[in-house]
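Hi,

Here is the structure I promised to pass on. Have a look at it first, and then read on for what turned up in it.

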Amino acid sequence: MTDPLEIGGIPAAGDVPLPERKPLALSASRASDYRQCPLLYRLRAVDRIPEPRTRAQVLGTVVHSVLEELYGLEQSERAPQRAAELVPAAVERFYAEEDGATVVPLSDRADFQSQVAALVAALYGVEDPQRFSPASCEQYLVTATAAGTPLHGFLDRVDVAPTGEVRVVDYKTGKPPHPRFQDQAMFQMRFYALMYQRIHGVLPAQLKLIYLKNGSWLTFTPDHATLVETEASLDALWSEIERAGRTGDFRPRTSRLCDWCNHQALCPAFGGTPPEYPGWPGTRVVPAGADNLLAGRREPRNT
């Protein structure tokens, strides 16, 4: 994009070509968006208004790419020094292939690389990558609930024990949540566990969130009742989203999180006007028993 007109620091709707509109499915990130603010969901999922990338987002993306590459090595090669050696090349790809200087100025590159290296090194305080090999990393899953709600998302890592137990792991590069928000943080993991069970017929034995910033982690052991409840809540949420999609009635819901929203200039709660509603693009149809489908770029990371 070259010098697009901007409103409130983001490209204005209609000033830049938007991505092709395809039928929608529900991801953990977009589910959280709708629960936070229906208008935010609309602007991101339906209108698909571009948002500026943040340093926190790209930091997470680069760290994840290093960890994926690390676990692609032979177990004996995954020593801390080898992990550190992967960092400069990953940062170079970020600048060369993703126009990284538009997010992290070249003057900050050394500091950014040090941050990436520190977060990668922090993994060794949580686990030893030389002791096991994941079943998959950065796996894209597509499935649907029994009621037909389409689900999709990337799983950072899946570990399968020799005895068959499954662990779903997600890395976070931001701060761990306050204890009262830990259940909200685990919503994403229950979403992933449900997808995994729907596709593979196996209930994960453990869900694990690793917070690399301080080397801490949260774990949860899901049971059948938990996933039944999760599935029902996602069906209810998707029904609500579809109703809003048919009418275009995505009302803003204000909270303290509005302070960090890129779309205040388009929000009636802040005196703005949303763009003309483009209409509901439809619901993605996922055939029963659909296998994993590899697809394009993931959504921006929630760090």
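Before the strands come up, one definition: two strands count as paired if DSSP finds at least two bridges between them. With that in hand, take E4 and E5, which run antiparallel and are joined by four bridges. Please keep in mind that this is a predicted model.

**The sheet**

E4 and E5 belong to an open sheet of five strands, in the order E3-E4-E5-E6-E7, with mixed pairing. Its edges are strand E3 (136-144) and strand E7 (216-220), each of which pairs on one side only. From one strand to the next, the twist averages 35°. As general background, strands of a sheet pair through backbone hydrogen bonds, in either a parallel or an antiparallel way.

Going along the sheet, E3 and E4 are antiparallel and share eight bridges. If you want a spot to click on, Ser136 stands opposite Val158 in E4. The two strands make a hairpin with five residues between them, and Gly148 in the turn has a positive phi of about 100°.

The hairpin of E4 and E5 also has five residues between its strands, and there Gly164 takes a positive phi near 100°. Across this pairing, Arg157 has Val169 in E5 as its bridge partner.

Val169 turns up again on the way to E6, where its bridge partner is Lys208. Strand E5 (residues 166-172) and strand E6 (residues 206-211) run parallel, joined by six bridges.

What packs on the sheet? That is helix H6 (residues 182-200), which touches E3, strand E4 (150-160), E5, E6 and E7. The direction of H6 makes about 90° with that of E4. As for E4, this strand is mostly covered, with 10 of its 11 residues buried.

**Charges over rings**

Two side-chain contacts are worth a look while you have the strands on screen. Lys208, the partner of Val169 in E6, has its charged end over the ring of Trp217, 5.5 Å from the ring centre. Arg167 lies over the face of Phe132, at 5.7 Å from the centre of that ring.

**Aromatic pairs**

How many aromatic pairs does the structure hold? There are 11. One of them is Phe250 with Tyr277, a tilted pair at 6.0 Å centre to centre with 45° between the planes. Both residues lie in the segment after helix H7 (224-247), and they are 27 residues apart in sequence, so the pair ties together separate parts of that segment. Phe250 is buried, at 5% relative accessible area, whereas Tyr277 is partly exposed, at 23%. Ring pairs also link these two with Tyr34 and Tyr41 into a cluster.

**Cysteines**

How many disulfides does a search of the whole structure find? Zero. A disulfide is a covalent bond between the sulfur atoms of two cysteines, and the cut-off used here is 2.5 Å between the sulfurs. For Cys258, the closest cysteine sulfur is in Cys267, and at 6.3 Å that is too far for a bond. Cys267 has its closest cysteine sulfur in Cys37, and that one is also too far for a bond, at 6.0 Å. Cys258 counts as buried at 13% relative accessibility, and so does Cys267 at 9%.

Over to you, and happy browsing.

How values were computed:
Residues are numbered from 1 along each chain as its sequence is written. This is a predicted model: local features need pLDDT of at least 70, side-chain atom pairs count only at pLDDT 80 or more; totals for chains, interfaces and linings use all residues. Side-chain values use heavy atoms; hydrogens and water are left out. Axes are lines fitted to C-alpha atoms, for helices over the stretch in contact, and angles run from 0 to 180 degrees between N-to-C directions. Contact means heavy atoms within 4.5 Å. Buried means under 20% relative accessible area, exposed over 50%, partly exposed in between (1.4 Å probe, protein chains only). Rings of Phe, Tyr and Trp (its six-membered ring) pair if their centres lie within 6.5 Å; planes under 30 degrees apart count as stacked, over 60 as edge-to-face and the rest as tilted. A charge sits over a ring if NZ of Lys or CZ of Arg is within 6 Å of the ring centre and within 35 degrees of the ring normal.
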